[in-house]
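Me: Please take one part of this protein and look at it closely. I would like to see how its charged side chains pair up, and then how that part sits in the rest of the chain.

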Amino acid sequence: MENMFYCCHALQSLDLSNFNTSSVENMYQMFYYCNSLVSLDLSNFNTKSLLNMREMFNACFSLKSLIIDNFNTTSVLDMTYLFYNCRAIISLNLSSFTINTDNVDSMFGYSNGYAKICLDDNKTYRTKFWNQVSKFNRNCTDICINIKLQKFITDESICVDDCLK
């Protein structure tokens, strides 16, 4: 599914509810530069085999609603630039994400800072991932987590007090 909708500038809506993605390993730049896409429901995607999510939603400037609540990311090796330049997203539920990779550079880069990010309070998050979350959401308006700080922060130089208030 690599580059499947790459640079589909006029694409405003998309029904992918009947896609069989159970054996898909690569979604690299799948929606890259779909800059007119406003909402995307991928709740029916089976991502158990997924290895590459690099730049999957990069430059989706108008995307306000992204439903990826049930994504299985246990096997994913690359999430670099995943939400890069997604400036319109209001809320992002990543509670289903298990992040077993450090390839998360600029995952949220050039975003305006979402009003809400949801993570699972029963998971341990790598320091590099948390660093990306805190960088991207400098104001940390509302991070939907009850995670105990020591559970996922191993680098004491990362200051997250403001984010957890």
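Reply:

**The salt bridges around R54**

D78 and R54 form a salt bridge, with their closest N and O atoms 3.2 Å apart. A salt bridge here is a side-chain nitrogen of Lys or Arg within 4 Å of a carboxyl oxygen of Asp or Glu. D78 lies in the loop between β2 (65–67) and β3 (91–93), while R54 lies in the loop between β1 (39–41) and β2, so the pair ties together parts that are 24 residues apart in sequence. Strands are DSSP runs of E with at least two residues, helices are runs of H or I with at least four, and both are numbered from the N terminus.

The model is predicted: local features need pLDDT of at least 70 and side-chain atom pairs count only at pLDDT 80 or more, while totals for chains, interfaces and linings use all residues. Residues are numbered from 1 along each chain as its sequence is written, and side-chain values use heavy atoms, with hydrogens and water left out.

R54 has a second partner. It also forms a salt bridge with E55, where the closest N and O atoms are 3.7 Å apart. How covered are these residues? R54 is partly exposed at 25% relative accessibility. E55 is buried, with a relative accessible area of 11%, and D78 is buried as well, at 16%. Buried means under 20% relative accessible area, exposed means over 50%, and partly exposed is in between (1.4 Å probe, protein chains only).

The whole structure has three salt bridges. D105 and K128 form one of them, at 3.1 Å from N to O. This pair links distant parts of the chain, since D105 is in the loop between β3 and β4 (116–118) and K128 is in helix α1 (residues 127–136), 23 residues apart. D105 is partly exposed at 36% relative accessibility, and K128 is partly exposed with a relative accessible area of 32%. R54, E55 and D78 are joined into one network by salt bridges that share partners.

The next residue to look at is Q29. Q29 lies in the segment before β1 and is buried, with a relative accessible area of 9%. Leaving aside residues up to four places away in sequence, Q29 touches N3, Y6, R54, E55 and M56. A contact means heavy atoms within 4.5 Å. R54 and E55, both touched by Q29, are also members of the salt-bridge network.

Now for the rest of the chain. The protein has two helices and five strands, and from the N terminus on the elements run β-β-β-β-α-β-α. Of its 165 residues, 45% are buried. Among contacts with a separation of 6 or more, 76% are between residues 24 or more positions apart. The protein exposes about 8100 Å², of which carbon and sulfur atoms supply 42%; accessible areas come from the Shrake-Rupley method with a 1.4 Å probe, and for residues only the protein chains shown count as cover.

Another link along the chain involves K123, in the loop between β4 and α1. K123 is buried, with a relative accessible area of 18%. The C-alpha atoms of K123 and F97 are 9.1 Å apart, and the two residues are 26 residues apart along the chain.

Aromatic rings pair up too. The whole structure has 13 aromatic pairs. Rings of Phe, Tyr and Trp (its six-membered ring) pair if their centres lie within 6.5 Å; planes under 30 degrees apart count as stacked, over 60 as edge-to-face and the rest as tilted. F19 and F45 are stacked, because their ring centres are 6.3 Å apart and their planes are at 5°. F19 lies in the segment before β1 and F45 in the loop between β1 and β2, so this pair ties together parts that are 26 residues apart in sequence. F19 is partly exposed at 28% relative accessibility, whereas F45 is buried at 3%. Ring pairs also link F5, F31, F57, F83, F108 and F129 into a cluster.

Last come the cysteines. How many disulfides does the structure hold? It holds zero, a disulfide being a pair of cysteine sulfur atoms within 2.5 Å. The sulfur of C34 is 5.0 Å from the closest cysteine sulfur, in C8, which is too far for a bond. C86 is in no disulfide either, as the nearest cysteine sulfur, that of C60, is 5.2 Å away. C34 is buried at 0% relative accessibility, and C86 is buried with a relative accessible area of 0%.
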